[in-house]
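Grab a pencil and open the viewer. Below are some exercises to work through by hand, each with a solution to check yourself against.

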Amino acid sequence: MDSSVALGRLELARPVTTRGSCLPEGAQGAHLNGCVPLSHQVAGHKYGVDKVGILQHPDGTVLKQLQPPPRGPREMQFYSMVYAEDHCDPCLVDLQAQLPKYYGTWSSPDAPTDLYLKLEDVTRRFQKPCIMDVKIGQKSYDPFASQEKREQQIRKYPLMEEIGFLVLGMRVYKVGLDSFDTYDQHYGRGLVKDTITEGLSKFFYNGDILRKDAITASILKVQKILQWFEGQSRFNFYASSLLFVYEGICAPSLVSQSLRDSQIAPEACEQNNNINQSMILSTIYSLHKKSCVRSHYQAKQDNGVWSCSQQPNGNRGLARLEEDRKESKSEAGQETVSDVEVKMIDFAHVFPSDVPDQGYIYGLKNLLKVLHQILEE
């Protein structure tokens, strides 16, 4: 595609500025036993719009409605396998750190057959959460997809194999306006090789400064996920995403730093960028690479569904939820590089394998390359 055309498409894909409620139209009063549509969802099926969707439970967790078979049961049993309390599999224990916490399934007394996955809301601790959903991998269809499904997915984003990831949606807090800019899946599909760096950088620009602290922390988090993938050959992930979240309200130190940076000579800025980049690379490569080993808990597939231990009940997971909250509060007092979360989500197309997931690894490496480019520029 001609670069001028691509830049035109990028310019035309203007964000939508939102203030107040972010609920889907017509869903303002929707409720199910006190649950409401998730207000800050940036991608995926939305409650009140699609047949299935995501809700916010009164206790602060997220409820993801189970998709029709085999996708829904496959995702449910994948979560159950990873979070089974009776295993000590190092590979799965390490994977837990990269996923939202899982509290089993939930259903309303009024509709007991409608199951929801009860998950941690990783945005809950943020005041102004900036959120981005990025689909990872060179293929957005699984090996069992029909030819029609494959062609449909390729038509949606022909560059998936070359770029290795697709921005499904973004929500960015603009400090000066006290509002959010939102970008949907059409914006992401309009990004090509020449515009992907600029397009992704919009997620880290708050209207005043480029949040290099959030980029740096995101790189470190993605690098840890890459290390897990490079050390395992048990699973292949298709149509799975990374959920990025960072705090939109800048720390005072960042604001003062941006003012100081604006008064520094260009040659000094270039020198500082080189130093910062060296520090980031040094930190990344010093991370210890943990290898995943096979245990006696072997995953098997039966008609696209995982074999695993008994499904925990999300209606009775409040004790564990409170424990997690206490841990979060104690960790909140610790000083961190930046308030950022990067979690793997969407596991309806995860399959057993005996080879490394090269498609996902390719996507992660290319995403890291783009993040580094944004930081350097």
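The exercises below all deal with this one predicted model.

**Exercise 1. Work out what span helix α8 should have, and check it against the distance between its end C-alpha atoms.**

Start with the residue count: α8 covers residues 212-230, which makes 19 residues. Next, apply the rise of 1.5 Å a residue, using one less than the number of residues. That gives an expected span of 27 Å for α8. Now look at the ends: the C-alpha atoms there are 27 Å apart, so the two values agree. While you're at it, check the surroundings of α8: 15 of its 19 residues are buried, so the helix is largely enclosed by the rest of the structure.

**Exercise 2. Find the order of the strands in the open sheet of 5 strands, and say which ones are at the edges.**

Walk across the sheet and you get β2-β3-β4-β6-β5, with antiparallel pairing. The edges are β2 and β5 (102-108), since each of these pairs on one side only. Now zoom in on β5 and its partner β6 (residues 111-119): 4 bridges hold this antiparallel pair. For a handy landmark, look for W106, which sits opposite Y116 in β6. As background, strands of a sheet pair through backbone hydrogen bonds, either parallel or antiparallel.

**Exercise 3. Describe the hairpin of β8 and β9.**

First the pairing: β8 (residues 165-174) and β9 run antiparallel and are joined by 5 bridges. Then find the facing residues, where K174 stands opposite S179 in β9. Between the strands there are 4 residues, and D178 takes a positive phi near 50°. Finish with burial: β9 (residues 179-183) is mostly covered, with 4 of its 5 residues buried.

**Exercise 4. Is L38 buried or exposed, and what does it touch?**

Begin with its place: L38 is in the loop between β2 (36-37) and β3 (54-56). Its relative accessible area is 11%. The cut-off for buried is under 20%, so L38 counts as buried. Skipping residues up to four places away in sequence, L38 touches I54, L55, Q56 and V62. One more distance to try: L38 and D121 are 83 residues apart in sequence, yet their C-alpha atoms are 9.8 Å apart in space.

**Exercise 5. Which side chain makes a polar contact with the side chain of T197?**

Locate T197 in helix α7 (residues 196-201). T197 is buried, at a relative accessible area of 13%. Its side chain makes a polar contact with that of Q373, at 2.9 Å. Beyond four places in sequence, T197 touches V370, Q373, I374 and E377.

**Exercise 6. How many disulfides does the whole structure hold?**

A search finds 0. Take C130 as a test case: the nearest cysteine sulfur, that of C250, is 8.8 Å away. A disulfide needs the sulfurs within 2.5 Å, so C130 is in no disulfide. C130 is buried at 0% relative accessibility, and C91 is buried with a relative accessible area of 0% as well.

**Exercise 7. Which residues have the most contacts inside the largest nonpolar core?**

The core has 64 residues, and the ones to pick are F237, L242 and M344. Follow F237 outward, leaving aside neighbours within four places in sequence: its contacts include F78, W228, M344, F347 and Y360. Apart from this core lies another of 7 residues, among them V122, F126, L243 and I345.

Note on methods. Residues are numbered from 1 along each chain as its sequence is written. This is a predicted model: local features need pLDDT of at least 70, side-chain atom pairs count only at pLDDT 80 or more; totals for chains, interfaces and linings use all residues. Side-chain values use heavy atoms; hydrogens and water are left out. Helices (H or I, at least four residues) and strands (E, at least two) are DSSP runs, numbered from the N terminus. Buried means under 20% relative accessible area, exposed over 50%, partly exposed in between (1.4 Å probe, protein chains only). Contact means heavy atoms within 4.5 Å. Two strands pair if DSSP finds at least two bridges between them. A polar contact is a pair of N or O atoms within 3.5 Å; within protein, one must be able to donate a hydrogen and the other to accept it, and residues adjacent in sequence count only if both atoms are side-chain atoms. A nonpolar core is a set of buried Ala, Val, Leu, Ile, Met, Phe, Trp, Tyr and Cys residues joined through side-chain atoms within 4.5 Å.
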